[in-house]
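Please work through the following exercises with the sequence and the model open beside you, and try each task before reading its solution.

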Number of protein chains: 2
Amino acid sequence: MTNTKVYLEIVKQLREMIAADNLKSGDKIPSERELSERLNVGRSSVREALRALELLGLIETRRGEGTFIRDFRGNQLVQLLGTFILQDEKAKLDVIETKNLIEMDLLRLVLTRADEKQLIKLKSLVETNHLNDDQFFYQLIELADNYLFSRIWLILKDYHHSLSLKNEEYNRDSYLMLIEALVEKDQEKTLATYRQLRNLSILTDKY
Amino acid sequence: MTNTKVYLEIVKQLREMIAADNLKSGDKIPSERELSERLNVGRSSVREALRALELLGLIETRRGEGTFIRDFRGNQLVQLLGTFILQDEKAKLDVIETKNLIEMDLLRLVLTRADEKQLIKLKSLVETNHLNDDQFFYQLIELADNYLFSRIWLILKDYHHSLSLKNEEYNRDSYLMLIEALVEKDQEKTLATYRQLRNLSILTDKY
DNA sequence: AAGATGCCGTGGTCTGACCACTAAAAAACA
DNA sequence: TGTTTTTTAGTGGTCAGACCACGGCATCTT
């Protein structure tokens, strides 16, 4: 009869409840027992719904305290899916290729968005600090001003990490060249510098 | 004492189990009761792990039959996250922008990968069938031969749908022009055609 | 006032019990 | 013997109740 699984229904109701009460990150949601009573379902069903949301990184549970809304940035979903997906060699190549493509898009976005002042600021940051590759590109991501895009990049970065490749040298000079090209709003030069940074063959990677 | 939650441990063990037995899409995994015994945990804990995996789209449960490995395409995860994330206007613009960027990357990949034969085949497909926009780009995605990339696009497509925009006209002519440009391996022309298809202002979208 | 104690609510887990459903075995039928 | 029907065993779906471990808070003690 009841074709829709209870826990999915609970997920739905929880979402509505959160929206209705305008709950925000860090707010507490009702206890499992209270939800069980209010929704007329068993506590185990409530827990199945909560576990699903927890794995998605949407809530956080603390024993002895309660369950809280969570900011959905940087959930562990990625690693999980990654360990399931990243199996064969082809998949690894896909990760690298995709990350490179995304980063070039990122540069294109920065070219259209970032003003010189922001870039100068980044330049001094690179000069005075010892930014690693992830940190440098994370700075760029912020200049691109596209949250969804940054999420995708963060995921790819994690995937890339889980490949546990060798490199990760320090490339301050390349970063500075990249910034210079961005300041000049020279797309050709920007992308060329990036390819050099990533050791991409110009022949094989024309994109 | 046991700081790691049991259900997460079960998720991990399930993953190892799947890898060890080399289980593939459609294969059956042990029943909840059997897992409960083999892992020395309560059945409810097993279920919490399974529900989490189910929501991720990694498994599928059928009452009366069992639980099966699933191919991780088209899970409802996207809609779920979408309803949580896609709230303000800025987010919507981000989706559109990101999808456009990804699709242009897709075209670049096709330029480097697809041979003329495949493109000719796609051309006849477009000519004889009434492909909508999603279907057309899905065909292209396959030519790009990057599974991770296709996943990203599929997610973006779903996000885009959930925005419930108006358009979705039929653009057979544009598709054919796009294919022609791809056959000629003319990146400029390809991207220009795409921008026209998406009504992107050349001024605002230089990427 | 500061620290120690105990109570209560919370999530974490297990157990046992049904129910609904499926598929395969067994029985009944032809 | 071959087909249909019935039974049965196994599975996921759900619930209720019972503990445990932990955090916060009021209370008591010093």
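**Exercise 1: The surfaces near the DNA strands**

Within the surface near DNA strand D, H3(A) provides the largest share, 3 residues. The model is a predicted one, and the exercises below refer to it.

Task: Determine how many residues surround DNA strand D, which of them are closest, and how they divide by class.

Solution: Begin with the count, which is 23 residues around DNA strand D, the closest being A:Val6, A:Gly42, A:Ser45, A:Gly64 and B:Ser31. Next, assign the residues to elements: those that give two or more residues to this surface are helix H1 (6-20) and H3 of chain A, together with helix H2 (32-38), H3 and strand S3 (66-69) of chain B. Finally, sort by class, which yields 4 nonpolar, 11 polar and 8 charged residues for the surface near DNA strand D.

Task: Repeat the analysis for DNA strand C, and state which element gives the most to the surface near it.

Solution: Of the 23 residues around DNA strand C, the nearest are A:Ser31, B:Val6, B:Gly42, B:Ser45 and B:Gly64. Two or more residues each come from helix H2 (32-38), H3 and strand S3 (66-69) of chain A, and from helix H1 (6-20) and H3 of chain B. The element that gives the most is H3(B), with 3 residues, and the division by class for the surface near DNA strand C is 4 nonpolar, 11 polar and 8 charged.

**Exercise 2: A helix pair between chains**

Task: Describe how helix H3 (residues 43-55) of chain A and helix H3 (residues 43-55) of chain B are arranged, and list the residues that make the contact.

Solution: Two packed helices are described by the angle between their axes and the distance between the axes. Here the axes of the two H3 helices come within 8 Å and cross at roughly 45°. Since angles from 35 to 65 degrees fall outside the roughly parallel and roughly perpendicular ranges, H3(A) and H3(B) are therefore oblique to each other, and their crossing is right-handed. The contact is made by A:Ser44, A:Arg47, A:Glu48, A:Arg51, A:Ala52 and A:Leu55 of H3(A), and by B:Ser44, B:Arg47, B:Glu48, B:Arg51, B:Ala52 and B:Leu55 of H3(B). By class, the residues of this contact comprise 4 nonpolar, 2 polar and 6 charged.

**Exercise 3: Positive phi values in loops**

Task: Locate A:Asn40 and B:Asp145, and decide whether each is buried, partly exposed or exposed.

Solution: Most residues other than glycine have a negative phi. A:Asn40 nevertheless has a positive phi, near 55°, and lies in the loop between H2 and H3 of chain A; because A:Asn40 has 6 C-beta neighbours inside 10 Å, it counts as exposed. For B:Asp145 phi is likewise positive, near 55°, and this residue sits in the loop between helix H7 (133-144) and helix H8 (147-162) of chain B. B:Asp145 counts as partly exposed because it has 16 C-beta neighbours inside 10 Å.

**Exercise 4: The surroundings of B:Ile102**

Task: Is B:Ile102 buried or exposed, and which residues does B:Ile102 touch beyond four places away in sequence?

Solution: B:Ile102 belongs to helix H5 (residues 89-113) of chain B, and counts as buried because it has 24 C-beta neighbours inside 10 Å, where the cut-off for burial is 20 or more. Its contacts, leaving out residues up to four places away in sequence, are B:Ile152, B:Trp153 and B:Leu156. B:Ile102 also lies 8.4 Å from B:Phe149, C-alpha to C-alpha, although 47 residues separate them in sequence.

Terms used
Residues are numbered from 1 along each chain as its sequence is written. Chains are lettered from A and ligands numbered from 1 in the order in which they are written. This is a predicted model: local features need pLDDT of at least 70, side-chain atom pairs count only at pLDDT 80 or more; totals for chains, interfaces and linings use all residues. Helices (H or I, at least four residues) and strands (E, at least two) are DSSP runs, numbered from the N terminus. A residue is buried if 20 or more other C-beta atoms lie within 10 Å of its own, exposed if 12 or fewer, and partly exposed in between; C-beta atoms are placed from the backbone. Two residues are in contact if their C-beta atoms, placed from the backbone, lie within 7 Å. Axes are lines fitted to C-alpha atoms, for helices over the stretch in contact, and angles run from 0 to 180 degrees between N-to-C directions. Angles under 35 degrees count as roughly parallel, over 145 as roughly antiparallel, 65 to 115 as roughly perpendicular and the rest as oblique. A crossing is left-handed if the near helix is turned anticlockwise from the far one by less than a right angle, and right-handed if clockwise. Ala, Val, Leu, Ile, Met, Phe, Trp, Tyr, Cys and Pro count as nonpolar, Asp, Glu, Lys and Arg as charged, and the others, Gly among them, as polar. A residue is near a molecule or strand if its C-beta atom, placed from the backbone, lies within 6 Å of it.
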